[in-house]
Amino acid sequence: MSTACLPIEGEMTIYRAAELKQTLLEALNGVTSLEVDLHGVTEIDSAGIQLLMLAKATAQSNACEVRLLNHSPAVLEVFELLDLAAHFGDPLLMPA
């Protein structure tokens, strides 16, 4: 079983969608598990959410697993606003 870790830094927005899509899909090649570290994400919009959904769906169809880790405050805010925690199924550490 091979696990890869992909840290994402900066914005996960429409302006970087093409670049991040390629990065995420390439990271899924040849692994059974991908950990996406979201600690460095400074901003995320609907395009960023769609990329994370694409990564999860692509992984499922390839019998792979994607785990989201270390959600930044920006990611937590959007996940909470859109009630996405259950969709992704990864543990979130919500600030008090």
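This note goes through the strands, helices, salt bridges and aromatic rings of a predicted model.

1. Strands 1 and 2. Strand 1 and strand 2 run parallel and are joined by nine bridges. Within this pairing, Met 12 stands opposite Ile 44 of strand 2. Together with helix 1, the two strands make a β-α-β unit, and this unit is right-handed.

2. Strands 2 and 3. Strand 2 also pairs with strand 3, again in the parallel sense, over five bridges. The chain leaves strand 2, passes through helix 2 and arrives at strand 3; this β-α-β crossover is right-handed. Among the bridge partners is Arg 67 in strand 3, which is matched with Glu 35.

3. The two faces of strand 3. In a regular strand, side chains alternate between the two faces of the sheet. Strand 3 can be read in this light: Val 66 and Leu 68 make up its covered face, while Glu 65, Arg 67 and Leu 69 belong to the uncovered one. Two residues of the uncovered face, Glu 65 and Arg 67, return in the next point.

4. Salt bridges around Arg 67. How many salt bridges does the structure hold? The count is three. Arg 67 forms one of them with Glu 35, with 2.7 Å between the closest N and O atoms. This pair links distant parts of the chain, since Glu 35 sits in strand 2 and Arg 67 in strand 3, 32 residues apart. Arg 67 also meets the side chain of Glu 65 in a salt bridge, at 2.8 Å from N to O. Glu 35, Glu 65 and Arg 67 are thus members of a network of salt bridges.

5. Exposure of that network. Are its members buried, partly exposed or exposed? Arg 67 has a relative accessibility of 21% and therefore counts as partly exposed. Glu 35, at 22%, is partly exposed as well. For Glu 65 the value is 38%, so this residue too counts as partly exposed. The cut-off for buried is under 20%, so Arg 67 at 21% does not fall in that class.

6. The salt bridge of Arg 16. Arg 16 forms a salt bridge with Glu 19, and the closest N and O atoms are 3.0 Å apart. Glu 19 has a relative accessibility of 43%, so it counts as partly exposed.

7. Helix 2, length and packing. Helix 2 has 16 residues, and at 1.5 Å a residue these should span 22 Å. The C-alpha atoms at its ends are 22 Å apart, which agrees. The buried residues of helix 2 are Ala 47, Gly 48, Ile 49, Leu 51, Leu 52, Ala 55, Lys 56, Thr 58 and Ala 59. Lys 56 and Thr 58 are included in that list beside residues such as Leu 51 and Leu 52. The elements covering these buried residues include strand 1, helix 1, strand 2, strand 3, helix 3 and helix 4.

8. Exposed positions in and after helix 2. Gln 50 has its place in helix 2, and it counts as exposed because its relative accessibility is 54%. Gln 50 and Ile 14 are 36 residues apart in sequence, and their C-alpha atoms are 10.0 Å apart in space. Asn 62 lies in the loop between helix 2 and strand 3. With a relative accessibility of 52%, Asn 62 also counts as exposed. Asn 62 is 21 residues from Val 41 along the chain, and 26 Å separates their C-alpha atoms.

9. Helix 3. What covers the buried residues of helix 3? The covering elements include strand 2, helix 2, strand 3 and helix 4. The buried residues themselves are Ala 74, Val 75, Leu 76, Val 78 and Phe 79. Just after helix 3, Asp 83 takes a positive phi, about 55°.

10. The aromatic pair. A pair of aromatic rings is described by the distance of the centres and the angle of the planes. The count here comes to one aromatic pair. Its members are Phe 79 and Phe 88, with ring centres 5.0 Å apart and planes at 10°. Planes under 30 degrees apart count as stacked, so the pair of Phe 79 and Phe 88 is a stacked one. Phe 79 is buried, with a relative accessible area of 2%. Phe 88 is also buried, at 5%.

Notes
Residues are numbered from 1 along each chain as its sequence is written. This is a predicted model: local features need pLDDT of at least 70, side-chain atom pairs count only at pLDDT 80 or more; totals for chains, interfaces and linings use all residues. Side-chain values use heavy atoms; hydrogens and water are left out. Rings of Phe, Tyr and Trp (its six-membered ring) pair if their centres lie within 6.5 Å; planes under 30 degrees apart count as stacked, over 60 as edge-to-face and the rest as tilted. Buried means under 20% relative accessible area, exposed over 50%, partly exposed in between (1.4 Å probe, protein chains only). Helices (H or I, at least four residues) and strands (E, at least two) are DSSP runs, numbered from the N terminus. Contact means heavy atoms within 4.5 Å. A salt bridge is a side-chain nitrogen of Lys or Arg within 4 Å of a carboxyl oxygen of Asp or Glu. Two strands pair if DSSP finds at least two bridges between them. A crossover is right-handed if, with the strands pointing away from the viewer, the path from the first strand over the helix to the second runs clockwise. The expected span of a helix is 1.5 Å times one less than its number of residues.
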